[in-house]
Structure formats: C-alpha cells, structure tokens
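Visitor: Please show me the sequence and the structure. I would like to go through them step by step.

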Amino acid sequence: MVQTTEGVDSVRVELGERAYSIHIGNRLLDTAALSIAEVLQGRRVMLVYDAALVSPWMKRVRRLLEEGGFMVFVHEVPMGEQSKSAAAVAAMWNALAEADFTRDSAIVALGGGVVGDLAGFAAATFLRGIAFVQIPTTLLAMVDSSVGGKTGINLSAGKNLVGSFWQPRLVLADLDCLRTLPDGERHSGMAEVIKYGVIRDAQLFAFLEEHVEHLFEAGEAVHLRAVVRRSVEIKAEVVTADEREDGLRRILNFGHTIGHAIEAEGGYGALRHGEAVGIGMVAASLLTLRRGQSPEWTDAEHARLVRLVELAQLPVRVPAGMTAAALLDRTRVDKKARNGQVRYILPVRLGEVEVVRDVTDEMVLGVLRELGAK
Ligand SMILES: NC(=O)c1ccc[n+]([C@@H]2O[C@H](COP(=O)([O-])OP(=O)(O)OC[C@H]3O[C@@H](n4cnc5c(N)ncnc54)[C@H](O)[C@@H]3O)[C@@H](O)[C@H]2O)c1
Ligand SMILES: [Zn+2]
C-alpha cells in the first residue's frame, strides 16, 4: 500500500543485532544530532561529504552536530564516481587515524551513493569496523544505496569489485536535501522507484502513473515521502530476506543486465545509471513478451511501463550508435552472470518478476534492435 501520512516515516531493517532504522521526512536534519546520539556510543564523528554539498547542507549538519555535543572532523570527497577509489579510501583511513578515531568513533556520510559507498567501506574496514550513519542526499541514495549495507569501491577492471557488507546504525533521509538535487539526478533515481513497482508492488506502480510528473513540486511533499517510504520498505524487505544476495535480492537487478551494458557501452558518465536502467527495464519487458510465457504480461503492461518511464523523463530507446552485438557482449561480462549463463529478471505481472536463464542471444539481439540498436 502506498499510504500518505503526516509527519516522519520510519522503516526498520530487521537484521537482528545489526537492525537499524531509516527515517524519512522533511526537516530531519534539524534533529539529526539527537537521533545520531541515540545510536552511537562515542561523540567523535567524521562528517564525510560530497564537495557539491558544502554550502547547502554540510555546514548546517556540522553546526548542528557540534551544537549537539559532537566533536566533528570533516572530510571532503570530490564529486563523481572516480571518488570510489582505493586512493580515496586510503585518504579516509589516514584522516581517521590522524584524528585518533577509536572503536567507538563513527563516520557520518552526507551525500549520494558515491559518498555512501566510499564512507561505508572506510567504516567497515577502519579498526575492523566502526559505526556508520548515512544521510543520503540523492533520490537514488535514499531509495537504494543507503539501504542494505553494501559498501565498496571501483577498480579499473570494473565497478564495485571491492567492498563489504556493513550496515549503518541509522539512515536519515531528509527529503529537503532533494531540493538542491539537479533534475537529471532526480529522474535517474526515479528509475529505481519504478523498478520497485514492477518487481514488488503494482499499487506503487499505479501511484507513480498518477503522481510521478509532479512529485518534486511544492505541495507534493506528502506524495514524495510516500513514494520514498514505500521504496525503502521494499528494498528493506528484500535485503532482510537475503542480506548477501544468494537468492531473492537478485530481483533488484531488474532492468540492470541490459542497463549496465548500455551504461558501460556509453562509457561511464555519458548516461546516468537510471537512464540506462530505464531502457533496461523496457528491454526486459520486451523479452518477456518475446519469450511468450507470461500471459499476464501483455502489450498493455508493456505500454504502461514505457509510458511511466517516459513520464519520469527517462529514455526508452537505446542511444544512437550502439550496436546490439556490442551490448550483448557486455551483458556476458556483467558480474551477475555465473558460468557464462546470464540470468534475466523478467516481469511476470505487475508487482512480480522471475529469474530466467533461458533467454537466448537471438532474443536479446532482437529486442535491442527493436529498441533502436544497430
Ligand atoms: N550500495 C548499494 O547498494 C548501491 C546501490 C545502488 C547504487 N550504488 C552506487 O551509488 C552510486 C551512485 O549514487 P548517486 O546516484 O547518488 O550518485 P552521486 O553520489 O555521484 O550523486 C550524484 C550527483 O549529485 C550531486 N549531489 C548529491 N546530492 C546532492 C544534493 N542534495 N544537491 C545537489 N547535488 C547533489 C553529487 O555531487 C553528484 O554530482 C554509484 O557508485 C553506485 O554504484 C550503490
Ligand atoms: Zn540501480
């Protein structure tokens, strides 16, 4: 159910002694010091932040934490994916050591998925693990990367190849932070929200059909919060059932097999992740149709998905110049392919997907060409 309620929402990620809460609402930063104090033992924190956030949010969070009795060290991370590097983690380790961080000190990450993944990995590894709090500032980070405890960095050989599962103590998703987020980043994050609708919740999908165009307008705060809350609930449900991605968690990869191929083929940075995932979801939907074994996923469902992706201002066709053969090749190196067998997550009906291994190269090539690949 997509319930619209007043106030702050809290989603609990039930992982035994590693359980934590995700608060979602407006003006959460105001009380951040209090909420963070509740989950930490020590009062020494390193505020790790995205360089783009200095004036809108970092100075404020720093002041509020200091007023709340914390000793705050700050560590700036340059904008962009290249900051998820071994060099950037080493810089953080050294900064933590220089600031005399001990086992009861903590890292507070303020930023999108890049800062969250990097700071989380530093927290997971420094002194074999210190406490970690996330304040996600992008839609993608709120609905996806801050939930579930995956942390990590990239190597030149590929994205996210080094990392660790390390759950935060608390996640504060203050929707006010999204006010300064560029449109393109908002749209990109919405791809993951649409994904949750398709894989798990037909009502969320329908709610998005009605509201997606207006979610960031003044006066829509209640709807935006409901959508973020429902997305977080779904991600939390899935990762609680399968923390280490042996089974159910794979469904979160819907739209990502072909999405990752498109993202890599464009050269990382050319297309936003969510833009590639939007096309990937449309491709997965077509694969279901061409495979012809899901009577409840018809042309009508496909048309609804295409329309919703378009309403979210995301592309639905393969970018000009990409060839189907090159993209097919890229799907094979996707790290989720095991023993050369690429698993596809395909829709069965709205709100349900299945893991399928019998998608042939011809089907993939055909679908990519239908979507404009050469
Ligand atoms: N750990 C996980 O489970 C998981 C899941 C999905 C994605 N990820 C990772 O997340 C990363 C992508 O995250 P992202 O999309 O948040 O990208 P990002 O962290 O690079 O942020 C996107 C851009 O928005 C800017 N920005 C962030 N917050 C802002 C704000 N409030 N106002 C203005 N500008 C702001 C940043 O400077 C950056 O330029 C990738 O590295 C991906 O691998 C991790
Ligand atoms: Zn994604």
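## Ligands, metal and salt bridges

Visitor: Which residue has a side-chain N or O atom 2.7 Å from a nitrogen atom of ligand 1, Thr-137 or another?

Guide: A polar contact is a pair of N or O atoms within 3.5 Å; within protein, one must be able to donate a hydrogen and the other to accept it, and residues adjacent in sequence count only if both atoms are side-chain atoms. In such a contact, a nitrogen atom of ligand 1 is 2.7 Å from an N or O atom in the side chain of Thr-137. The residue asked for is Thr-137.

Visitor: What kind of model is this, and how is it numbered?

Guide: This is a predicted model, in which local features need pLDDT of at least 70, side-chain atom pairs count only at pLDDT 80 or more, and totals for chains, interfaces and linings use all residues. Residues are numbered from 1 along each chain as its sequence is written, chains are lettered from A and ligands numbered from 1 in the order in which they are written, and side-chain values use heavy atoms, with hydrogens and water left out.

Visitor: How much of the accessible area of ligand 1 does the protein cover?

Guide: Besides Thr-137, Thr-180 has a polar side-chain atom 2.7 Å from a nitrogen atom of ligand 1. Gly-113 takes part through its backbone, with an N or O atom 2.8 Å from an oxygen atom of the ligand. On its own, ligand 1 has 860 Å² of accessible area (Shrake-Rupley method, 1.4 Å probe; for residues, only the protein chains shown count as cover). The part covered by the protein is 86%.

Visitor: How many residues surround ligand 1?

Guide: A residue is near a molecule or strand if one of its heavy atoms lies within 4 Å of it. Helix 4 (113–125), helix 5 (139–145) and strand 8 (158–165) each supply at least two residues of this shell; helices (H or I, at least four residues) and strands (E, at least two) are DSSP runs, numbered from the N terminus. By class, the shell has nine nonpolar, seven polar and nine charged residues (Ala, Val, Leu, Ile, Met, Phe, Trp, Tyr, Cys and Pro count as nonpolar, Asp, Glu, Lys and Arg as charged, and the others, Gly among them, as polar). Glu-81 and Thr-138 are among the closest, and the number of surrounding residues is 25.

Visitor: Which residues are the protein donors of the zinc ion?

Guide: Donors are N, O and S atoms within 2.8 Å of the metal (3.2 Å for Na, K and Ca); water is not among the atoms, so sites may look incomplete. For the zinc ion (ligand 2), the protein donors lie 2.0 to 2.1 Å away, and their spacing in sequence is E-x63-H-x16-H. Two of them come from distant parts of the chain, 64 residues apart, in helix 6 (residues 183–200) and helix 9 (residues 256–265). The donors are Glu-192 (OE), His-256 (NE2) and His-273 (NE2).

Visitor: With which residue does Glu-192 form a salt bridge?

Guide: A salt bridge is a side-chain nitrogen of Lys or Arg within 4 Å of a carboxyl oxygen of Asp or Glu. The partner of Glu-192 also lies in helix 6, three residues apart, about one turn of the helix. Both residues are buried (under 20% relative accessible area; exposed is over 50%, partly exposed in between; 1.4 Å probe, protein chains only). The closest N and O atoms are 2.9 Å apart, and the partner is Lys-195.

Visitor: Is Arg-229, the partner of Glu-233, buried or exposed?

Guide: The closest N and O atoms of the salt bridge between Glu-233 and Arg-229 are 3.0 Å apart. Because the two are four residues apart in helix 8 (residues 221–241), about one helical turn separates them. Glu-233 has 26% relative accessibility, so Glu-233 counts as partly exposed. Arg-229 has a relative accessible area of 6%, so Arg-229 is buried.

Visitor: How far apart are the closest N and O atoms of Asp-30 and Arg-60?

Guide: This salt bridge links distant parts of the chain, 30 residues apart: Asp-30 in the loop between strand 2 (20–25) and helix 1 (32–39), and Arg-60 in helix 2 (residues 54–67). Asp-30 is partly exposed at 40% relative accessibility, and Arg-60 is partly exposed at 26%. Their closest N and O atoms are apart by 2.6 Å.
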